[in-house]
Amino acid sequence: MDYAQSVLMALPEVIITLGALALLLVAAYAGDKATRAVSWLAVLVLAGASVSLLGLPGNGGEAFHGLYRADGFAAFSKLLIYIAAAVSIAIAPAFFSRGEPLRAEYPVLILLASVGMGMMVSAGDLLTLYVGLELNSLAAYVLASFMRRDTRSAEAGLKYFVLGALASGILLYGISLLYGFTGTTMFDGVAVAMRDGLSNGELFGLVFVLAGLAFKISAVPFHMWTPDVYEGAPTPVTAFFASAPKVAAMALTARIAVEAMGPATDAWRQIIVFAALASIVLGAVAAIGQSNIKRLLAYSSINNVGFVLIGLAAGTQAGVSAVLTYLAVYVAMTLGSFLCVLQMRDAEGNHVESIASLSGLSRTRPALAAAFAIFMFSLAGIPPLLGFWAKFLVFDAAVAAGLWPLAAIGIAASVIGAFYYLKIVKTMYFDDPAPSYRPVDSYVEGGLIAVAALFVSPLGYFLIPALGVATMNAAQALF
């Protein structure tokens with residue numbers, strides 16, 4: 001395969017890279033007064049990259065001698081990533097309209113992180129994986145501490161950087177072990193070596209690699225950074241962290257588990273099952289006492305990662321398809337929830353994050369309360385909302401793979417998580433009204449909330465056939 005064809009297969013990353021560099025020059029010359037224009041141009045760049053994905057599933061394959069995979073699995077994952085990144089860029093100007101102004105570097109950092117995430121989900125080699133992951137992480141560290149005068153934001157960036165460096169070290173150690181004991185960093189080569197039996201060195205490498213990736217998806221016991229970073233980072237950045245990087249890391253974990261470590265399924269399944277159950281239980285229990293809505297949503301993301309891992313534990317095509325479906329629904333639910341959080345402003349326009357301020361919201365802002373309730377019920381997996389269907393699919397895949405005890409425990413633990421979601425709904429609809437929020441005249445936020453709410457509502461079930469076909473075809477690329 002010639003170099004030009006490889007570059008064409010990596011067209012989404014090429015488009016975003018060139019767009020990010022061009023917009024960085026615009027930001028450098030025009031300054032912050034061009035921020036709004038740079039932001040909307042960045043959204044257009046992501047839209048162009050999304051359109052370029054349409055030609056990949058049929059014309060894809062391996063590029064750069066197997067270092068890069070352009071397949072249906074990568075295309076589906078990138079589409080979710082680009083949607084989440086575009087929303088995170090679009091909602092930022094309204095958030096930064098008070099206090100510290102939005103700088104033109106913000107959308108550029110999101111674009112550069114998107115390039116890294118695209119490399120992650122298309123990785124066919126352990127070194128490609130690491131380069132993509134670090135490109136995403138370096139941009140994310142800056143985004144977490146983007147509000148330089150806010151001590152919480154600076155603390156979030158520092159914690160994310162220190163713990164991220166630790167996770168990168170763990171991942172690199174695992175990669176070096178796999179290379180040393182298999183003689184290759186290519187996923188296909190690692191799989192061939194593991195087919196002859198799993199040596200102790202390969203087992204340790206497998207454990208360290210999964211531990212490093214568990215940090216990126218904030219799975220227990222590597223979740224410790226999540227609540228503090230989610231609370232301290234600016235809300236648009238938190239919405240980004242909770243959606244796009246989560247999809248990228250989860251898709252990467254699925255690709256490694258199936259493609260590189262497929263012959264050692266019995267070994268990595270034990271790790272995935274433990275992480276799934278621990279994430280579900282801790283995410284449910286730890287969220288109960290939270291008073292800050294962003295910290296609660298952080299534990300909610302940990303809880304949801306546990307459910308996604310149940311689908312991966314099945315190790316089947318149906319399981320990977322369920323993982324992709326869950327991620328699609330999860331992105332809509334999470335972005336919708338954080339869009340509602342952005343609407344929480346007091347009379348002076350300052351952002352409020354306490355759950356107590358939601359009291360009686362149904363009487364002061366009924367539309368916002370209804371949207372918030374839809375997202376909370378969907379996150380809890382209560383029918384007939386689409387979050388129920390996503391949970392049903394991962395449990396069904398686990399049962400079909402013979403993991404019915406895992407599914408049974410997951411279903412029982414989901415009842416615990418439903419408590420704090422329902423508590424928010426009870427606060428909005430049955431408590432005495434708190435001081436009303438200031439009306440927000442952002443049509444972008446209002447329109448995105450409406451779209452996300454309609455997607456996870458019962459109307460979303462009309463999309464299930466198309467979504468099922470798309471996710472099954474994407475999952476087939478790994479098998």
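## Overall architecture

Helices (H or I, at least four residues) and strands (E, at least two) are DSSP runs, numbered from the N terminus. In this predicted model, the chain contains 22 helices and two strands.

The C-alpha atoms occupy a box of roughly 65 × 55 × 40 Å along the principal axes. The radius of gyration is 21 Å, which agrees with the value near 23 Å that a compact globule of 479 residues would have. Of the 479 residues of the chain, 60% count as buried.

## Annotated domain

The UniProt record, an unreviewed entry, places the feature "domain: NADH:quinone oxidoreductase/Mrp antiporter transmembrane" at residues 123-417. In the model, this span is 77% helix and 0% strand. The C-alpha atoms at the two ends of residues 123-417 are 34 Å apart.

## Largest pocket

Rolling a probe the size of a water molecule over the atoms shows where empty space is left. The largest pocket holds about 660 Å³ of space. Its lining comprises 25 residues, and those nearest the centre of the pocket are Phe76, Leu79, Leu80, Ile83 and Ala328.

Which helices each supply at least two residues of the lining of the largest pocket? They are helix H5 (72-90), helix H16 (317-342), helix H21 (443-456) and helix H22 (464-476). H5 has the largest share, with seven residues. By class, 22 residues of this lining are nonpolar and three are polar, while no charged residues are present.

## Enclosed cavities

How many cavities of 30 Å³ or more does a search of the whole structure find? There are three. The largest cavity has a volume of about 120 Å³, and the second largest has about 50 Å³.

Thirteen residues line the largest cavity, with Asn136, Tyr160, Lys216, Trp225 and Pro245 nearest its centre. Helix H8 (126-144), helix H11 (200-216) and helix H13 (235-260) each contribute at least two residues to this lining. H13 gives the most, with four residues. The lining of the largest cavity consists of nine nonpolar, two polar and two charged residues.

## Second largest cavity

The second largest cavity is bordered by Ala242, Leu297, Ser300, Ser301, Tyr330, Thr334, Ser337, Phe338 and Leu379. Helix H15 (293-313) and H16 each supply at least two of these lining residues. The largest contribution, four residues, is from H16. H16 also supplies at least two residues of the lining of the largest pocket. By class, the lining of the second largest cavity has five nonpolar and four polar residues, and no charged ones.

## Backbone exceptions

Most residues other than glycine have a negative phi, and most peptide bonds are trans. Several sites in this model depart from that pattern.

A cis peptide bond with omega of about 10 degrees joins valine 220 and proline 221. Proline 221 belongs to the loop between H11 and helix H12 (226-232). Serine 218 is in the loop between H11 and H12, and its phi, near 55 degrees, is a positive value in a residue other than glycine. Is serine 218 buried or exposed? Serine 218 counts as buried because its relative accessible area is 0%, and the cut-off for buried is under 20%.

Another cis peptide bond, with omega of about 5 degrees, links proline 383 and proline 384. Proline 384 is in the loop between helix H18 (366-380) and helix H19 (386-400). Histidine 65 has a positive phi, near 60 degrees, and is placed in the loop between strand E1 (61-63) and strand E2 (68-70). Histidine 65 has 78% relative accessibility, so it counts as exposed; the cut-off for exposed is over 50%.

## Threonine 265

Threonine 265 is part of helix H14 (residues 265-287). A polar atom of the threonine 265 side chain lies 2.5 Å from the backbone oxygen of glycine 262. With a relative accessible area of 18%, threonine 265 is therefore buried, given the cut-off of under 20%.

Notes: Residues numbered from 1 in each chain as written. Predicted model: local features only at pLDDT ≥ 70, side-chain atom pairs only at ≥ 80, totals over all residues. Heavy atoms only, no water. 1 Å grid on protein atoms, 1.4 Å probe; cavity = no way out; pocket = protein on both sides within 12 Å on 5 of 7 lines; lining within 4 Å. Points joined across faces, edges and corners; volume = space filled by probe spheres on them. Nonpolar A, V, L, I, M, F, W, Y, C, P; charged D, E, K, R; others polar. UniProt positions renumbered as here; feature names shortened; annotations may be inferred. Buried < 20%, exposed > 50% of the residue type's maximum accessible area, 1.4 Å probe, protein only. Polar contact = N/O pair within 3.5 Å; in protein donor to acceptor, adjacent residues only side chain to side chain. Rg over C-alpha atoms; globule rule 2.2 N^0.38 Å.
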